[in-house]
Amino acid sequence: MKFAYRFSNLLGTVYRCGNLNFTCDGNSVISPVGNRVTVFDLKNNKSNTLPLATRYNIKCVGLSPDGRLAIIVDEGGDALLVSLVCRSVLHHFHFKGAVHSVSFSPDGRKFVVTKGNIAQVYHAPGRKREFNAFVLDKTYFGPYDETTCIDWTDDSRCFAVGSRDMSTWVFGAERWDNLIYYALGGHKDAIVACFFEASSLDLYTLSQDGALCVWQCDTLPEGLRLKAPTGWKADLLQREEEQEEEEGAESETTIRGKATPAAEEQQGKVKYSRVAKYFFNKEGDFNNLTAAAYHKKVHLLVTGFASGIFHLHELPEFNLIHSLSISDQRVASVAINSSGDWIAFGCSGLGQLLVWEWQSESYVLKQQGHFNSMVSLAYSPDGQYIVTGGDDGKVKVWNTLSGFCFVTFTEHSSGVTGVTFTTTGYVIVTSSMDGTVRAFDLHRYRNFRTFTSPRPTQFSCVAVDSSGEIVSAGAQDSFEVFIWSMQTGRLLDVLSGHEGPISGLCFNPMKSVLASASWDRTVHLWDMADSWRTTETLALTSDALAVTFRPDGAELAVATLNSQITFWDPENAVQTGSIEGRHDLKTGRKELDKITAKHSAKGKAFTTLCYSADGQSILAGGMSKFVCIYHVREQILRKKFEISCNLSLDAMEEFLNRRKMTEFGNLALIDQDAAEEGGVAIPLPGVKKGRCWAATTTEGLLIYSLDAQMLFDPFELDTSVTPVRIRAALRQRDFTRAILLAFRLNERKLLQETLEAVPWDEIEVISSSLPDLYVEKVLEFLASSFEVSHHLEFYLIWTQKLLMVHGQKLKSRYTLPTHRGLPSLGLLVGVGAAVFTQGQRGAGPRGLGWRLVLRNVFFQSGDAAAGRSVPSEEHPAPLGRCLQTVRDVSGGGGGGLLLSPAGPSRAAPHIVRPGLKGPASVSLTRVPCVLTAATGTATTCSMRWPSRSSGA
């Protein structure tokens, strides 16, 4: 089994802090989430988190005008230059101080960074390869306090900088002769935002107390004159430039402004005058303005306030268009898309992200994570949904494909302690500290069952049996296990016997046995068929924290407080092995800890366990930033994942920074941001399902997947392999050479273009000329293309010809396993309707007598698909039907197909060989079946056979 899991997506948290940005087309929102960045595609209703992370929480994001590059700066001043096209980091840079805002010029040639009380202009990185992507051009001094905001003119000649000292400064990107730098006052509080008018130097400034000043400039942008050096200054400047060229050094130009320049200095220069001043707050209101955005083309000003209210005004008349309250917390960031129709709001207090269409007064996007930390999660049986429960009492269901939460249940009045799906996948059962266990229906989105105990108690865990009829929950205060009926909602039994709080429950997937783990250092096995009597009691060496069965029910794993994972045979009540995980947790040291991280790790343990699909590995997580995968039989660590590197969270480092230790205490505790976060990344429950696993952490719901597609992963690449040469080979009709070059470059669009350019009647010839090393790569590409491609028959011809020519070699290289699916060639799984019709006999040299028509075919790993059939979203099929063992029934070297029902069907397996007709009448309509070819391929499909009378 492969363990090359990579970070796939971040769910559960949509906004944390920083500024929001719209892409240049206006269809996507770029939102900073902790130390990661998520892109919300509003047009296709999808969210995707970039595969990168900063060392601290992201403070600001600057987007280039063409939308190709982004500069991401965290709270520590570290910057990442990111390509949004290839989703990779191009350059690292440190600004040597906390950065408040960053903004590209409209022409994309420069960008401004505000840090401290200065503003720095850098040359924007271009498309050429550069040793240093960030080259400092000028440094501007003027404000006395910290700078807060930036805005550029449309022609990129000037930019304005606002400051906390209640002043606004207008600086020139070049040395303008008639522009002097001085402060614009008129405010009584810190400047929140400043905006230039379109194609003008006129300026709007907004302060925190809700005041708007309108500044008019007496000079047009075209009236700015470049300052030419003359006299000895020109000679000195020329001499300095020659000296710098010889030394190869870069100069840093420092420009200082004056708050109150002399009257003679202002003669003949650009002058600003305040023409109007408006106030957002009415008399007696004290609502602080926290964020603002301005669209220059439609003259629309959007302002957000600390009370969660936003206003829309038309400038320069200051006409109120709209006002609405969207949250109870402060609006931290506001952004407007390029067309001016959509407005994005970010509220850091509740983690809300809203996109509002102001003309129709409707929400385009409304997402919110859990207010408090998520404590439990569960995958649906088909892997399409994830349900999470939080300390805020909310239950949220997330779509793993889109990344959005599509339903939130708020019936619980206290923290949710456990969530689980039934085997049907349409019912969610949750337990809570409010003393109730609730069942929710995903068809009608309602709470249709509420289970309670005779006496009020707090439930700490919940479990549902494989049939979905029995619901059990463990009590934290009464040390009992309660059993209810899902159909009637009645309490069936109360199981007593534990002497401590119940920490975990798990039903055996194959038998009617319930395992309950408790803090009394025991695990009880209860037999449902024998009136819930205790069949076995497993004695542990420490308090039990989590319990889970292997998928086949033949093994039980228990996590204990002494950082051990013990494995038991539930039939004989014998311990079969144990894993010591104390050294693998590797916890950090909190700022208030009096002992070192090495000693504090002695009190840490795994709090959640989950078996892999094949049962060979187990996934474990606890009070640490690491998630571990162990081999059960060998009892060794296979892989350890660091789920977070965010130093804004506490206990992320093993040693404290002694530079922060003073005689007055730890300086890190004075930081307000650290006090707000105040916690360690806690991966509580993590669930592994198929090709991905998820973990609930302080930062959100993290999903790690094996399906992370690399945009550029070449194979035997050299300088001669280019897209130009590949297309030239296609024009010369040298298709074999074009395919080999395309797979060496390994770009998906180019691969698709190359394969689809091959005429269908030449596929057999080209298939025979491909080397064996490239046959597997072509088959993998074909398998992954069946889901999205419209040329299904064309790709099936490719697959048939490749397997007919190279099938014997592939079969001799790989041996078909008996239980775990196919080898690395993959498994073709079809869940739509499949129709077999009688075709012409002898079609082709080794043609089959039956033609297969598949719909909605997609690729899935053989390891993941060996145990369960996965239904598609468009054509849901009955869940929980296991595939029958894939067997090779080829006789001799001829092509043959084995048709065997995978569900509870009485139809016998049938072998189809070339030249043979199908059965006369077999009732297999809409029954999931396994179809195995003699060459080693397999499909799962719903089939119906035509009768003889139909003449098909």
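**Exercise 1. Charges over rings**

Task: In this predicted model, find which ring the charged end of K640 sits over, and how far from its centre. Then look for the ring that R36 lies over.

Solution:
- Start at K640: its charged end sits over the ring of F626, 4.7 Å from the centre.
- Now turn to R36, which lies over the face of F7 at 3.9 Å from the ring centre.
- Both cases need the charged atom to be within 6 Å of the ring centre, and 4.7 Å for K640 and 3.9 Å for R36 meet that cut-off.

**Exercise 2. The sheet around F626 and K640**

Task: Work out the strand order of the open sheet that contains β51 to β54, and say which strands stand at its edges.

Solution:
- The order is β51-β52-β53-β54, and the pairing is antiparallel.
- β51 (606–611) and β54 (636–642) each have a single partner strand, so one side of each is left without a neighbour in the sheet.
- On average, neighbouring strands here are turned by 25° against each other, direction ignored.
- Inside the sheet, β52 (residues 617–622) pairs with β53 (residues 626–631) in the antiparallel sense over 5 bridges.
- To check the register, take S617: its bridge partner in β53 is H631.

**Exercise 3. Another open sheet**

Task: Do the sheet analysis for β47 to β50: what is the strand order, and which residue of β48 is the bridge partner of A544?

Solution:
- This open sheet of 4 strands runs β47-β48-β49-β50 with antiparallel pairing.
- The edges belong to β47 (544–549) and β50 (574–580); each has a single partner strand, so one side of each lacks a neighbour in the sheet.
- Neighbouring strands are turned by 20° against each other on average, again ignoring direction.
- β47 and β48 (residues 556–560) are joined in the antiparallel sense by 5 bridges.
- The bridge partner of A544 in β48 is T560.

**Exercise 4. Unusual backbone geometry**

Task: Inspect the loop between β25 and β26 and the loop between β48 and β49. Where is the cis peptide bond, and are F318 and S563 buried or exposed?

Solution:
- Recall the usual case: most residues other than glycine have a negative phi, and most peptide bonds are trans.
- The bond joining L315 and P316 is cis, with omega about 5°.
- P316 lies in the loop between β25 (309–314) and β26 (319–325).
- F318 is found in that loop between β25 and β26 too, and its phi is positive, about 60°, although it is not a glycine.
- The relative accessible area of F318 is 15%; with buried meaning under 20%, F318 is buried.
- S563 has a phi near 65°, a positive value in a residue other than glycine.
- S563 lies in the loop between β48 and β49 (564–569) and is buried, with a relative accessible area of 0%.

**Exercise 5. Aromatic pairs**

Task: How many aromatic pairs does the structure hold? Classify the pair F280 and F305, then the pair F743 and F781.

Solution:
- The total is 36 aromatic pairs.
- F280 and F305 are 5.8 Å apart, centre to centre, with 65° between the planes; planes over 60 degrees apart count as edge-to-face, and that is the class of this pair.
- The pair links distant parts of the chain: F280 is in the loop between β22 (272–279) and β23 (289–295), F305 is in strand β24 (residues 300–305), and they are 25 residues apart.
- Both F280 and F305 are buried.
- For F743 and F781, the ring centres are 6.3 Å apart and the planes stand at 90°, so this pair is edge-to-face.
- F743 sits in helix α6 (residues 735–745) and F781 in helix α9 (residues 772–785), 38 residues apart, which again links distant parts of the chain.
- F743 and F781 are buried.
- Finally, look for a cluster: ring pairs link F93, F95, F104, F111, Y122 and F134.

**Exercise 6. The buried side of a helix**

Task: Which residues of helix α7 are buried, and how are they arranged around the axis?

Solution:
- In α7 (residues 748–756), the buried residues include L750, L751, T754 and L755.
- These residues cover an arc of only 125° around the axis, which puts them on the same side of α7.
- The general pattern helps here: an α-helix has 3.6 residues a turn, so residues three or four places apart point the same way.

**Exercise 7. A record and the model**

Task: Where does UniProt place the feature "repeat: WD", and what does the chain look like over residues 367–399?

Solution:
- The UniProt entry, which is unreviewed, places this feature at residues 367–399, 409–450 and 495–536.
- Over residues 367–399 the chain is 58% strand and 0% helix.
- The end C-alpha atoms of residues 367–399 are 13 Å apart.

Note on methods
Residues are numbered from 1 along each chain as its sequence is written. This is a predicted model: local features need pLDDT of at least 70, side-chain atom pairs count only at pLDDT 80 or more; totals for chains, interfaces and linings use all residues. Side-chain values use heavy atoms; hydrogens and water are left out. Two strands pair if DSSP finds at least two bridges between them. Helices (H or I, at least four residues) and strands (E, at least two) are DSSP runs, numbered from the N terminus. Axes are lines fitted to C-alpha atoms, for helices over the stretch in contact, and angles run from 0 to 180 degrees between N-to-C directions. UniProt positions are given in the numbering used here, feature names are shortened, and annotations may be inferred rather than shown by experiment. Buried means under 20% relative accessible area, exposed over 50%, partly exposed in between (1.4 Å probe, protein chains only). Rings of Phe, Tyr and Trp (its six-membered ring) pair if their centres lie within 6.5 Å; planes under 30 degrees apart count as stacked, over 60 as edge-to-face and the rest as tilted. A charge sits over a ring if NZ of Lys or CZ of Arg is within 6 Å of the ring centre and within 35 degrees of the ring normal. The arc is that of the directions from the helix axis to the C-beta atoms.
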